[in-house]
Amino acid sequence: MAKKRIGQVTLAERDEIQALFERRNGLNELAKIVTADNTELYERLVTDLGSTGTKFQNWWDTMAQQYKWESADGGNWEINFDTCEIFLVTP
Amino acid sequence: MKNNQIKPNKIRENASPWQGGIAKSITFIVTKDCQLACKYCYLVGKNEKERMKWPVAKAAIDYILSHEEMFPEASVTWDFIGGEPFLEIDLIDQICDYLKTEMFRLNHHWFNSYRFSFSTNGINYHTDKVQAFIKKNITHLSIGITIDGTRAKHDLNRIWKGDAQPERGSYDDVVRNIPLWLEQFPNAGTKVTISSADIPYICESVLHLYSLGIHEVNINCVFEDVWQEGDDKRFEDQLMQLADAIIDGGYYANYACSFFSEYIGKPLDPVNENQNWCGAGKMLSIDAAGNFYPCTRFAAYSLREKRPIIIGNVRDGIDKNKLRPFLTLDRMTQSPDKCKTCEVASGCAWCQGENYDAAATPTIYQRATAICLMHKARVRANNYYWNKLYRKLELEGSREDFEKNKPQVKPIDC
Amino acid sequence: MLQYLVILLDDTSASFCHYHVTKSTPRLMPLDTLKRGIRFGMIENLMIQFIYPNHALPQEYLEVIDTIDHSDIKPLAGDNADADIIVTDNWESDVSKLRDAVVVLRTCWAQFREHYSQLNNWLAVAKRLNVVVTDVERLNDDDREQYKAILETLSKEVEKLYVEGKSPQFNLLTDRMVLTEMNNCNAGDTTITLAPDGKFYICPAFYYDGENQSVGDLDNGLDIKNRQLYSLDHAPICRKCDAWQCRRCVWLNRKTTLEVNTPGHEQCVAAHLERNASRDLMLSLRSRGTFLPDKEEIKELTYLDPFEIATQWN
C-alpha cells in the first residue's frame, strides 16, 4: 500500500469534514440502539443519516474539483485532521 | 475512486489530545470500588458501597444537557472513573445509550463531537459485557489501560485487594488483555505513575511497555510528598539510562515517553506564561450522591486532610460562585517565590486537588512543591536526552526528517 | 503590614459589618486579656479600635481602655457617649442622636428596600453614613435592578445636599468619587481582631462563625497561614477591579466562593452598581460646575462583574 501527499485543505474546510465525519459516526452508533418502534427518533435518524452522507460526499467532490486532487484506480483519499493534509492511498 | 476513507485512528488516537483544550470533560464517578489496592492510589476513601445509581446518572445528564448555555465548549469527553469503572459496565452502557439518544433528540451541539473515555486497570477488559460495549461505541472510545511496566514494577504497587499474604500482584491479569486492547486501539497509550519505591524500575519498565507494543507511555511522578532523600539523584540516573536506551536502541522514531519533552526546563514569563496548569473547574465530576465537583480529586474519597469541595448537585445545579476561584486561578498567584523565579519552571506540573489537600489552609491557592527536586532531576536528564539525540540525528543527517515525523505524547499529568 | 487591631470587648459586642453576632450571653473579655491585648497593640504599633456591647462596662475596663490612644465603636442602643463610630441596625432610630456622628447602619436587603427613602434624614444629620447590606450575597437579578433604581433615587438626594453646599459622606455613593485606589476592609492584611477568648481572628466574623478559626493568640502571637491571600495583589479578580469603594469582605468571599481572595458574583455586582451610580452622580455634579477637579472621571464599563472578562487576563 502506497501513501502520497497530494494536497492540503484550510482549517475551516477541515472543520467542516471533521464535523460531518463525527456526525456520521455518531449516527451510525445511534442506529445500533434506536429501533423502529421509537418512531420519532427513528425517522429523524434515517433522514439525518441520508443527508449527512450526502453532505459528506459533496465535500469530497467539491474539494477534489477545487484543488484538482490526483486520483488513481482502486485508490482512496485520506485526510489527516491534525495537519489538514490530503493523501492518496493506493493498494 | 473511493473518497471517504478517513482512517478512524487519525481522529480517535491522534498525536494531540482529542480536541485538547476545547473539550469539556465530564466525569462520572460510577463506583468507589476496585479489585486492586494500589499502594500509591490517591483515593483514600475507596469502598464497595458508593455505586452510582441510574436515577442519579440520569438526573446529571438531564441537568447538563438542558443547560447548554453553561457548557459552550465545542466538544465533550464523557469520562468514567472509579475505583475501577468497568465494574459498573451495565450502568455505563445505560448512561452512554442515554447520552447518545438525548444529545441527538435535543439536537445538542455535542452530538457532533463527543468521546467516552475510560481509565481502567484492564482486568475486566476481555469480558463479554465490556467487549460488547466497545464494539457498540468503537468510534467514540478512548480507553487507557494502566500497566506500570515490568512484572516487578507493576506488582510492587498494583496488588489485589484483601489481606492475603503474600500480596498478589495483578500483572498477569492485566497483561493478558494488552494484545486485545492494542488490536482495538493500536495507538493507545498507557499511564505510569512513579512513587519513591518505583524509581529503580523506570528504565526497564518503559522499555518493557514498548516491547508489549505500547508506543506511547505517559509517565509522571506522584504529586504527594512521598519522596526520600536522594530520590532525585536516583531518578535522574534512571532517566539517563532510559535516554541512552531509547536513543541507542532507535526507539525515538516510533515510540514516545512523556518524560522527554523539548518544552520543559525553561523559565516562564510571569505575565505571558501565567496560566494555571490544572484544568480543575473547567471539568465537572459527579459522584454517586449526585454531587458536582470541580474535579474528581476534590471528592471526599480523594482527600486525606480536607473537606470535599462540592460545587452543586444534580437537583440544584452548579453554584457558579464556587467555580470562580478555579477559573481565575493563575500560576503566579498560587506559586511560592522559588517557583516564580525558577529557571527551569516550564513543564513543572501540579495537581489542584493535591495543592488543596496539602495546603496550610483550605485553599486551592497554595501550590504544593513536593515534586520540585524530581522535576529538576527530570530537566537535567531531559537536556541530556535531546542533546544526545539531536547530535546523533545531525551526524546521520536525519534531524529534519525526525522533526517532521517525531512521535508525540498527550500532555496528561493527572 | 498590620496597622489596626480590633478588640471585641464582649461576646455581644455590636456588629459593624456583614456578620451577625451569634453569641447572646454577655461575656466580657477578661481584664488581663484586655491589658495584654493593648500591650500587643502598643508593641506592634497598631491603632486600636474597641467594639462595645450594649451593656455598660465596669469602670476598671474604661480606665484600662483609656491607657492607649484608640477609637470607640459603640452601639446606638447603649451608652454611646464619645463614640467615634455609632452602629445600629434599627431603621426607627432617633436620627437626632446621630448629629455629626459617623454612623454604620446595618440592614438586610428586604428592610433596605422598604426603608431606603428614610436615608435622607440620616444623610442630613450624620457626618458620615455607612450602609451595610448584611445579606448582599443573596441579591438576585430582580434585586439588582431594584438596587440600581434605589441608588439613583438616593443619588438625587445626595446631589441636593451638595448643591446646598454640604459635603455628605455616604459609602455607597460618595466614596468612589474621592478614592484613587482600592480602599477595602483589609482584614487579615492591615487589620486583625482580638476576641474575648484571647485569640486572634482575621475579623470578628470569623470569631462568630462557630468553628475555631483563630490565627494565633496572645501567648504565642499571630500565626496567619497563607497570609498573602488577604492582600490585594493575591486576589485575581479584585486586583483588576476599580470598584474601589467595595468592602471586599474576605469573610463573605469565603462564604460564597470558599476562598478568601475571591468575591462572589453578587458582591461584585452590588459594588459595581454603587460604582456606576457614583459615576453618574459625579458626572451630574460636574455638569453643574467644578467638582473634585483633581479626580479622574470614573470610566464607563460594559460589565457588572469583572469575572465576566477574567478569561481575557490569563
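**Exercise 1. Describe the largest cavity of this predicted model: its volume, its lining and the classes of its lining residues.**

Step 1. The volume of the largest cavity is about 60 Å³.

Step 2. Its lining is made up of C:M182, C:I237, C:C238, C:C241, C:A243, C:C246, C:R248, C:P263, C:C268, C:A271 and C:H272.

Step 3. Sorted by class, this lining has nine nonpolar residues, one polar and one charged.

**Exercise 2. State how many cavities of 30 Å³ or more there are, and describe the second largest cavity.**

Step 1. The count of cavities of 30 Å³ or more is two.

Step 2. The second largest cavity holds about 40 Å³ of space.

Step 3. Residues of chain B line this cavity, among them B:F223, B:W350, B:E354, B:N355 and B:I371.

Step 4. Seven residues of the lining are nonpolar, two are polar and one is charged.

**Exercise 3. Describe the second largest pocket and find which element gives the most to its lining.**

Step 1. About 1,200 Å³ is the volume of the second largest pocket.

Step 2. The pocket is lined by 47 residues, and those closest to its centre are C:N130, C:N183, C:N184, C:C185 and C:R247.

Step 3. The element that gives the most to the lining is strand β6 (residues 128-133) of chain C, with five residues.

Step 4. The lining divides into 29 nonpolar, 13 polar and five charged residues.

**Exercise 4. Classify the aromatic pair of B:W54 and B:Y98, place both residues in the chain, and decide whether each is buried, partly exposed or exposed.**

Step 1. Over all chains, the structure holds 43 aromatic pairs. In the pair of B:W54 and B:Y98, the ring centres are 5.4 Å apart and the planes make an angle of 90°. An angle over 60 degrees counts as edge-to-face, so this pair is edge-to-face.

Step 2. B:W54 belongs to helix α2 (residues 54-66) of chain B, and B:Y98 to helix α3 (residues 89-105) of chain B. The two residues are 44 residues apart, and the pair links distant parts of the chain.

Step 3. B:W54 counts as partly exposed because its relative accessibility is 22%. B:Y98 has 16% relative accessibility and therefore counts as buried.

**Exercise 5. Find which rings have a charged end over them, and name residues of the cluster linked by ring pairs.**

Step 1. The charged end of A:R44 sits over the ring of B:F104, 4.6 Å from the ring centre.

Step 2. The charged end of B:K32 sits over the ring of B:Y301, at 4.8 Å from the ring centre.

Step 3. B:F104 is also one of the residues that ring pairs link into a cluster, including B:F28, B:W78, B:W110, B:Y114 and B:F133.

Notes: Residues are numbered from 1 along each chain as its sequence is written. Chains are lettered from A and ligands numbered from 1 in the order in which they are written. This is a predicted model: local features need pLDDT of at least 70, side-chain atom pairs count only at pLDDT 80 or more; totals for chains, interfaces and linings use all residues. Side-chain values use heavy atoms; hydrogens and water are left out. On a 1 Å grid over the protein atoms alone, a cavity is a set of points where a 1.4 Å probe fits but cannot get out, and a pocket is an open set with protein on both sides within 12 Å along at least five of seven lines; lining residues have an atom within 4 Å of a point. Grid points are joined across faces, edges and corners, and a volume is the space filled by probe spheres set on the points. Ala, Val, Leu, Ile, Met, Phe, Trp, Tyr, Cys and Pro count as nonpolar, Asp, Glu, Lys and Arg as charged, and the others, Gly among them, as polar. Rings of Phe, Tyr and Trp (its six-membered ring) pair if their centres lie within 6.5 Å; planes under 30 degrees apart count as stacked, over 60 as edge-to-face and the rest as tilted. Helices (H or I, at least four residues) and strands (E, at least two) are DSSP runs, numbered from the N terminus. Buried means under 20% relative accessible area, exposed over 50%, partly exposed in between (1.4 Å probe, protein chains only). A charge sits over a ring if NZ of Lys or CZ of Arg is within 6 Å of the ring centre and within 35 degrees of the ring normal.
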